[in-house]
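Please open the structure in your viewer and keep the selection panel at hand. The tour goes from one selection to the next and says what to look for at each stop.

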Amino acid sequence: SKHADIIIVTAEDPRSESVAKISGEILSGISNSKFLISNVKEVTLEKGKKYVFAFPDRKEAIQFAISIARKGDVVIMTGKGHEKSINYGKGEEPWDETQIATEALSIRNKR
């Protein structure tokens with residue numbers, strides 16, 4: 001939170017744990033009170049303000065991050081990278097973070 005303007009918290013193999021609980025614990029560790037927790041459906045990003053979002057679905061989080069990125073921004077996706085599966089508590093599901101990011105960039109570039 002020291003170096004970010006926008007933080008997006010999402011799932012990374014929660015398995016049997018509650019994604020909401022994990023996200024809540026992460027969000028409680030963001031000590032910079034300048035971050036505004038925003039409702040994604042109503043987001044209007046204002047320059048100079050800091051935002052934090054929580055998405056239980058990792059794919060949606062990546063798509064959102066790429067959709068709001070502007071010239072000069074850096075989107076950093078941590079936690080899954082090279083892994084080929086994700087586990088939301090129903091067993092391992094196929095996962096390709098590079099493909100998801102590429103698809104999100106393609107959608108963004110069509111706008």
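Begin by selecting Ala104, which touches Gln63 and Ile66 when residues up to four places away in sequence are not counted. Keep in mind throughout that this is a predicted model.

Next, widen the selection to the two helices around this contact, H2, which covers residues 58-68, and H3, which covers residues 97-109. Their axes lie 9 Å apart, and the two helices pack at an angle of about 40 degrees, which makes H2 oblique to H3. If you follow one helix past the other, the crossing of H2 with H3 is right-handed.

To see which side chains take part, select Arg58, Lys59, Ile62, Gln63, Ile66, Ser67 and Ile68 on the H2 side, and then add Glu97, Ile100, Ala101, Glu103, Ala104, Leu105 and Arg108, which they meet on the H3 side. Coloured by type, the residues of this contact between H2 and H3 divide into seven nonpolar, two polar and five charged.

Now select Ile62, Ile66, Ile86, Trp95, Ile100, Ala101 and Ala104, the seven residues that form the largest nonpolar core. Which elements give two or more residues to this core? They are H2 and H3, and the largest share, three residues, comes from H3.

Leave the helices and go to the loop between strand S1 and helix H1, the latter covering residues 19-28, where Asp13 is found. Asp13 has a phi near 55 degrees, a positive value in a residue other than glycine. Most residues other than glycine have a negative phi. Is Asp13 buried or exposed? Its relative accessibility is 14%, so Asp13 counts as buried.

Stay in the loop between S1 and H1 and select Arg15, which is also placed there. Arg15 likewise is not a glycine and yet has a positive phi, of about 50 degrees. With a relative accessible area of 43%, Arg15 is partly exposed.

For the last stop, move to the segment before strand S1, which spans 6-10, and select Lys2. Lys2 counts as exposed because its relative accessibility is 74%, where exposed means over 50%. If you then draw a distance from the C-alpha atom of Lys2 to that of Ile107, the two are separated by 30 Å, and along the chain these residues are 105 residues apart.

Definitions and conventions
Residues are numbered from 1 along each chain as its sequence is written. This is a predicted model: local features need pLDDT of at least 70, side-chain atom pairs count only at pLDDT 80 or more; totals for chains, interfaces and linings use all residues. Side-chain values use heavy atoms; hydrogens and water are left out. Axes are lines fitted to C-alpha atoms, for helices over the stretch in contact, and angles run from 0 to 180 degrees between N-to-C directions. Helices (H or I, at least four residues) and strands (E, at least two) are DSSP runs, numbered from the N terminus. Angles under 35 degrees count as roughly parallel, over 145 as roughly antiparallel, 65 to 115 as roughly perpendicular and the rest as oblique. A crossing is left-handed if the near helix is turned anticlockwise from the far one by less than a right angle, and right-handed if clockwise. Contact means heavy atoms within 4.5 Å. Ala, Val, Leu, Ile, Met, Phe, Trp, Tyr, Cys and Pro count as nonpolar, Asp, Glu, Lys and Arg as charged, and the others, Gly among them, as polar. A nonpolar core is a set of buried Ala, Val, Leu, Ile, Met, Phe, Trp, Tyr and Cys residues joined through side-chain atoms within 4.5 Å. Buried means under 20% relative accessible area, exposed over 50%, partly exposed in between (1.4 Å probe, protein chains only).
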